[in-house]
Amino acid sequence: MSSAIEALPGSATEASGKAVDLDQLWQVLSVEPASSPCVLEDGVGEEDLLPAAVLFPIVRRTGEPTVLLTQRTAHLRDHPGQISFPGGRCEASDPSPADTALRETIEEIGLSPAHVEIIGYLPEYRTSTGFRVTPVVAMVTPPFDLQLDTFEVAEAFEVPLSFLMDPANHQRHSLHYRGKLRHYYAMPFGDYFIWGATAGIIMSLYRALEVAGR
């Protein structure tokens, strides 16, 4: 399936917060991936966690930067229908988390690395579902075409970065999972419900920018 990403899908009436300073964004990221400090998702225990990496793709749009996200297909065993960053488990053949994130991005949505500039890393995010995820932040230069893996990815769409960085759009929810009450962040955007690890990683960037702006 071919998808050309040129216009911003979703609700055009969503309110955005103030513009994000991209120069400041570069300054709050780590230059290398690191396991400490890390962000612990509610419910993480002492179990061994599998290494994974995701690409946090910020698209250089003329009006304002956006974040490219995917919606997983409904039939998948893990996290069906959820909003995700492109990414997945680290393979032994991957030299680094960045290589994992880029490989998975190519496999899932067909985004060419020629359009991707890695600018840094957010703290490792440890999930209650058994992963320690390295978020690899990158700037993506349009125009570009996507080739979605229709088995895994139902849709690719973009959300204004300012919307995601606006605390007015951050919600706290809870659910019972494995016999315990777990809390998580959510950022509804039009018909999309961004939550779980994806929202948690977005919150990592928000907190870093908030601290830097004080």
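**Group meeting: cores and buried sites in a predicted model**

Let me begin with a caution. Over residues 1-15 the pLDDT stays under 50, and for that stretch the model has 33 contacts beyond four places in sequence. What you see above is a predicted model, and those contacts should be read with that in mind. For the protein chain, the mean pLDDT is 88, with 87% of residues at 70 or more.

Now the overall architecture. The protein chain has four helices and 14 strands. Of its 214 residues, 45% are buried. Taking contacts between residues at least 6 apart in sequence, 69% join residues at least 24 apart.

I turn to the interior. The largest nonpolar core comprises 36 residues, and those with the most contacts inside it are Leu25, Phe56, Leu164, Met165, Ile194 and Leu205. At least two residues of this core come from each of the strands β3 (50-59), β4 (66-72), β9 (131-140), β11 (153-160), β13 (180-189) and β14 (192-195), and likewise from each of the helices α3 (161-164) and α4 (196-212). Which element gives the largest share? That is α4, with seven residues. There is also a second, separate core of 18 residues, and Ala53, Leu68, Ile109 and Ala138 are among them.

Let me stay with α4 for a moment. This helix has 17 residues and reaches 25 Å from its first C-alpha to its last, close to the 24 Å expected at 1.5 Å a residue. Its buried residues are Gly196, Thr198, Ala199, Gly200, Ile201, Ile202, Met203, Ser204, Leu205, Tyr206 and Leu209. Two of these, Ala199 and Ile202, are touched by isoleucine 194. The other partners of isoleucine 194, leaving aside residues up to four places away in sequence, are Leu69, Ile83, Val159, Leu164, Tyr185, Ala186, Met187 and Phe189.

The next site is histidine 170, in the loop between α3 and β12 (171-177). Is this histidine 170 buried or exposed? Its relative accessibility is 16%, so histidine 170 counts as buried, the limit being under 20%. A polar atom of its side chain lies 2.7 Å from the backbone oxygen of leucine 164. Beyond four places in sequence, histidine 170 touches Leu164, Met165, Ala186, Met187, Met203 and Tyr206. Leu164 and Met165 were named earlier among the core residues with the most contacts, and Met203 and Tyr206 are buried residues of α4.

I move to a pair of buried residues on two strands. Threonine 134 is found in β9, and glutamate 124 in β8 (residues 124-126). Threonine 134 has a relative accessible area of 8%, and glutamate 124 has one of 3%. The two are 10 residues apart in sequence, and their C-alpha atoms are 4.8 Å apart in space. Setting aside residues up to four places away, threonine 134 touches Pro33, Ala52, Ala53, Val54, Pro97, Tyr121 and Glu124. Ala53 in that list is a member of the second core. For glutamate 124, the partners are Ala34, Ser35, Pro37, Cys38, Val39, Arg132, Val133, Thr134 and Pro135, on the same sequence criterion. The side chain of glutamate 124 also makes a polar contact of 2.8 Å with that of arginine 126.

Pro37, one of those partners, deserves a remark of its own. Proline 37 sits in the loop between α1 (22-28) and β2 (38-40). Serine 36 is joined to proline 37 by a cis peptide bond, with omega about 0°. A cis bond also joins proline 142 and proline 143, again with omega about 0°, and proline 143 is in the loop between β9 and β10 (144-147).

Another loop residue is leucine 111, placed between α2 (97-109) and β7 (116-121). Leucine 111 is buried, at 2% relative accessible area. Its C-alpha is 6.9 Å from that of aspartate 145, although 34 residues separate them along the chain. Outside its sequence neighbourhood of four places, leucine 111 touches Leu68, Thr105, Ile106, Val116, Val140, Phe144 and Leu146. Leu68 also belongs to the second core.

Lastly, the cysteines. How many disulfides does the structure hold? The count is zero. Cysteine 38 is partly exposed at 29% relative accessibility, and cysteine 90 is partly exposed at 26%.

Notes: Residues numbered from 1 in each chain as written. Predicted model: local features only at pLDDT ≥ 70, side-chain atom pairs only at ≥ 80, totals over all residues. Heavy atoms only, no water. pLDDT = per-residue confidence, 0-100. Contact = heavy atoms within 4.5 Å. Core = buried A, V, L, I, M, F, W, Y, C linked by side-chain atoms within 4.5 Å. Buried < 20%, exposed > 50% of the residue type's maximum accessible area, 1.4 Å probe, protein only. Polar contact = N/O pair within 3.5 Å; in protein donor to acceptor, adjacent residues only side chain to side chain. Disulfide = S-S within 2.5 Å. Expected span 1.5 Å × (residues − 1).
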